[in-house]
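Here's a quick look at how one protein chain is divided up and what sits beside a DNA strand. Have the viewer open as you read.

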Number of protein chains: 2
Amino acid sequence: MVVFAGQGDPRRSMALLWRDERPGGARTRQWPGPKPALSVEVIVRAGIAVADAEGMAALSMRAVGERLGRTAMALYTYVPGKSELVDLMYDQVLAELPHDYDPAAGWRAAVTSWAEDTWEFYLRHPWVLQVSQARPVLGPHEYRALETLLRLLYATGLDSAELRRVVGTLVHVVRGAARTVAESRVAAASTGVSDEDWWLARSGMLEEVVPDFAERFPLLVRLETEGAAPVTDDSVPYLERQARATFEGGLAVVLDGVEAAIRRAR
Amino acid sequence: MVVFAGQGDPRRSMALLWRDERPGGARTRQWPGPKPALSVEVIVRAGIAVADAEGMAALSMRAVGERLGRTAMALYTYVPGKSELVDLMYDQVLAELPHDYDPAAGWRAAVTSWAEDTWEFYLRHPWVLQVSQARPVLGPHEYRALETLLRLLYATGLDSAELRRVVGTLVHVVRGAARTVAESRVAAASTGVSDEDWWLARSGMLEEVVPDFAERFPLLVRLETEGAAPVTDDSVPYLERQARATFEGGLAVVLDGVEAAIRRAR
DNA sequence: TGCCGTCTCCTTACGCCATAAAGTAACGTC
DNA sequence: GACGTTACTTTATGGCGTAAGGAGACGGCA
């Protein structure tokens, strides 16, 4: 389930995201009526807790309400709908990303640290990868995160046109690799079947149903048998080890490409 | 909505994917009872048609059944459930990918053609990007597509360990950029709001709610104003033009990285 | 003090979804 | 012509987001 952002009233969404405190933005005075027991903050945190623990598929208005001892409908007093709640969760959780990278260590080291932090962030909050990027949420923490990455990249001396391409590529490589791990964890959690068990069952079937596999896909078999990295920690599931290698290797490939661009620009 | 693959009985799934014709695999003899009016093939094609036309979110058993003049439950005679249907749709549609790349033109040209074809394929079938890659479908056409890419990459002379990293990176870059376009089209279709209108509404709000934007995010503003590529075809929506540039630029960056690896390996 | 308007939160209801269970009717074999 | 198997339908269950309407809490004012 990809979740799409910002479907509703843009004014309301933006006011919520940026915690607009101008008169008329958020509520200012306390009016008659019962004291609010909840708040946007509390609801957003509860949503994050549900998504962290049970995944995006388990994030329902009912589930969030229940976690707060309320019904689903109680949330609609604070938040226009589920789509906006996801936007707020997304921007809130992005606040975790660090911003203090040392430019003195050189751009490559700094970008590598950034990638490492971002990778770990995605694994901490896998559901974030299911928030659509097509129409960005446009919240403060998302902008701040992008600004931080741009600071590291402008240190390469490349011009804006060149950087546009690099930014997207970096983000795609980190997200792509993290997505593999994230989805595999979701699959393991929701089906109760580990990567190993899943693969064991499938590969057995595969051999049985496709006896001529090795002849039909020789290069695949070659890559499979030759390229494997040595297993340093077998507590990490197979697919996750592979994804980690793709992440590290992919990052190196992209950074090599950036270095080539720098040399060309000189 | 990300759709997860292969939840059910592995034997049944594999037999369906590989169209197993060994005795006991698929049905062999015609038994008593009414003639089947449908078939796995017909259902899979109807599913693809629905997903192409209305997106993954609109793909329901009801919708597929309706397109065939049947109820949702009729499909369950042929297919164990929705998850398996999506697997079959996925592998079927992958059959469209070409395999005949000219190695004589050099690996870089060949990989560029591959990327271009894959990009177009994703735009033709955007819903494919929502099928989870964590636990692959393991169908014949998916394997064939991977084998094709590997053929192009082994032509670089790099060893398997090196190629493992390159493969994942290439795939992530193409998929990542295509995903942006795909999601933006889905958003436009499902909300009826174009990219332009959406951005107009948001950017207006943003200026109003965050008057100090330029001071808080100077590099973002710099990238936005400086880096834009000249508009050659304004019939293509803004976000799509950007994604296309990210795709082309990202591919170039990655291929530069591969060339660096080749030089190192010599 | 009591009323009123406004607020929070609840219950109920609608139309979606996947799919389990059970029923109906078509058909090949005997 | 009866029987067992099969294709497909109907019905039902338990999920979802959220619209609509109602109950009760509370500040301000008479």
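## Around the DNA and between the domains

In chain A, helix H3 (61-67) and H4 each put at least two residues into the surface near DNA strand D. Bear in mind that this is a predicted model. Which of those helices gives the largest share of that surface? H3(A) does, with three residues.

Altogether there are 25 residues around DNA strand D, and the ones that come nearest are A:Ser60, B:Pro32, B:Gly33, B:Ala37 and B:Ala74.

Now for the layout of chain A itself. The domain assignment splits chain A into domain 1 (10-94) and domain 2 (103-265). Measure between their centres, taken over C-alpha atoms, and you get 31 Å. Where the two meet, 13 residues of domain 1 of chain A are in contact with 15 residues of domain 2 of chain A. On the domain 1 side, helix H2 (40-54) and helix H4 (82-94) of chain A are the elements that give two or more residues. H4(A) brings the largest share of that side, six residues. So much for the elements; here is the residue make-up of both surfaces.

| Surface | Nonpolar | Polar | Charged |
|---|---|---|---|
| Near DNA strand D | 14 residues | seven residues | four residues |
| Side of domain 1 of chain A that touches domain 2 of chain A | nine residues | one residue | three residues |

H4 of chain A is worth a click in the viewer: H4 supplies at least two residues of the surface near DNA strand D, and H4(A) also gives six residues to the side of domain 1 that touches domain 2.

How values were computed: Residues numbered from 1 in each chain as written. Chains lettered and ligands numbered in written order. Predicted model: local features only at pLDDT ≥ 70, side-chain atom pairs only at ≥ 80, totals over all residues. Domains from an automatic or database assignment. Contact = placed C-beta atoms within 7 Å. Helix = DSSP H or I, 4+ residues; strand = E, 2+ residues; numbered from the N terminus. Nonpolar A, V, L, I, M, F, W, Y, C, P; charged D, E, K, R; others polar. Near = placed C-beta within 6 Å.
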